[in-house]
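Let's take a look at the pockets and the aromatic rings in this one. Have the viewer open as you read.

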Amino acid sequence: MVAAAVHARIDSTRIRTVEGMGFAAAREGPTLDATVALAAEAVGSLPDPPDGPIVAEGGEFYEEPAERVGPSFRPEFKYVESIGERETVQAAHHAAYAARDLLL
């Protein structure tokens, strides 16, 4: 598995700037615990820690409630609420797919 974290400045409808990207890879199978740990590692590898929430799609964590996933992330965790957040998650997906292709 490969995860990418994108530290971006956004508004409600788009990405304004990308401040950095972090990546992590693991050979473990896709379980909730392994996926959360991998995503947390990718966030931890960002050049600068984010000052806002960590945002993901619910499907990334098997539709588990944010309250169950959130304790693994700082400063806070939430699921996508705006178009700008969705665009940032899409950028992270594209980065993770590209990194996976490079590793194969």
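## Phe73 and its ring partner

Phe73 has a relative accessibility of just 2%, so in this predicted model it counts as buried, the cut-off being under 20%. Phe61 comes out at 4% relative accessibility and therefore counts as buried too.

Now for the rings themselves. A pair of aromatic rings is described by the distance of the centres and the angle of the planes. How many aromatic pairs does the count come to? The answer is four aromatic pairs. In one of them, the rings of Phe61 and Phe73, the centres sit 6.1 Å apart and the planes meet at 55°, so this pair is tilted.

Where do these two residues lie? Phe61 is in the loop between strand 3 and helix 2 (66-69), while Phe73 is in the loop between helix 2 and strand 4, so their pairing ties together parts that are 12 residues apart in sequence.

## The rest of the cluster

Another pair is made by Phe77 and Tyr79: with ring centres 5.2 Å apart and planes at 80°, it is edge-to-face, because planes over 60 degrees apart get that label. Both Phe77 and Tyr79 are buried.

Put these residues together and you get one aromatic cluster, formed by Phe61, Phe73, Phe77 and Tyr79.

## The largest pocket

On to the empty space. Rolling a probe the size of a water molecule over the atoms shows where empty space is left. The largest pocket holds about 900 Å³ of space. Its lining runs to 36 residues, and the closest to the centre are Ala4, Ala5, Val55, Ala56 and Ala92.

Which elements supply at least two residues each of that lining? They are strand 1 (2-10), helix 1 (32-44), strand 3 (54-56), strand 4 (77-79) and helix 3 (83-103). Strand 1 gives the largest share, with nine residues. Sorted by class, the lining of the largest pocket has 25 nonpolar residues, five polar and six charged.

## The second largest pocket

The second largest pocket has about 220 Å³ of space. Its lining is made up of Met1, Val2, Ala25, Ala26, Arg27, Arg100, Leu103 and Leu104. By class, that is six nonpolar residues and two charged ones, with no polar residues. The charged residues are Arg27 and Arg100, because Arg counts as charged.

Methods: Residues are numbered from 1 along each chain as its sequence is written. This is a predicted model: local features need pLDDT of at least 70, side-chain atom pairs count only at pLDDT 80 or more; totals for chains, interfaces and linings use all residues. Side-chain values use heavy atoms; hydrogens and water are left out. On a 1 Å grid over the protein atoms alone, a cavity is a set of points where a 1.4 Å probe fits but cannot get out, and a pocket is an open set with protein on both sides within 12 Å along at least five of seven lines; lining residues have an atom within 4 Å of a point. Grid points are joined across faces, edges and corners, and a volume is the space filled by probe spheres set on the points. Helices (H or I, at least four residues) and strands (E, at least two) are DSSP runs, numbered from the N terminus. Rings of Phe, Tyr and Trp (its six-membered ring) pair if their centres lie within 6.5 Å; planes under 30 degrees apart count as stacked, over 60 as edge-to-face and the rest as tilted. Buried means under 20% relative accessible area, exposed over 50%, partly exposed in between (1.4 Å probe, protein chains only).
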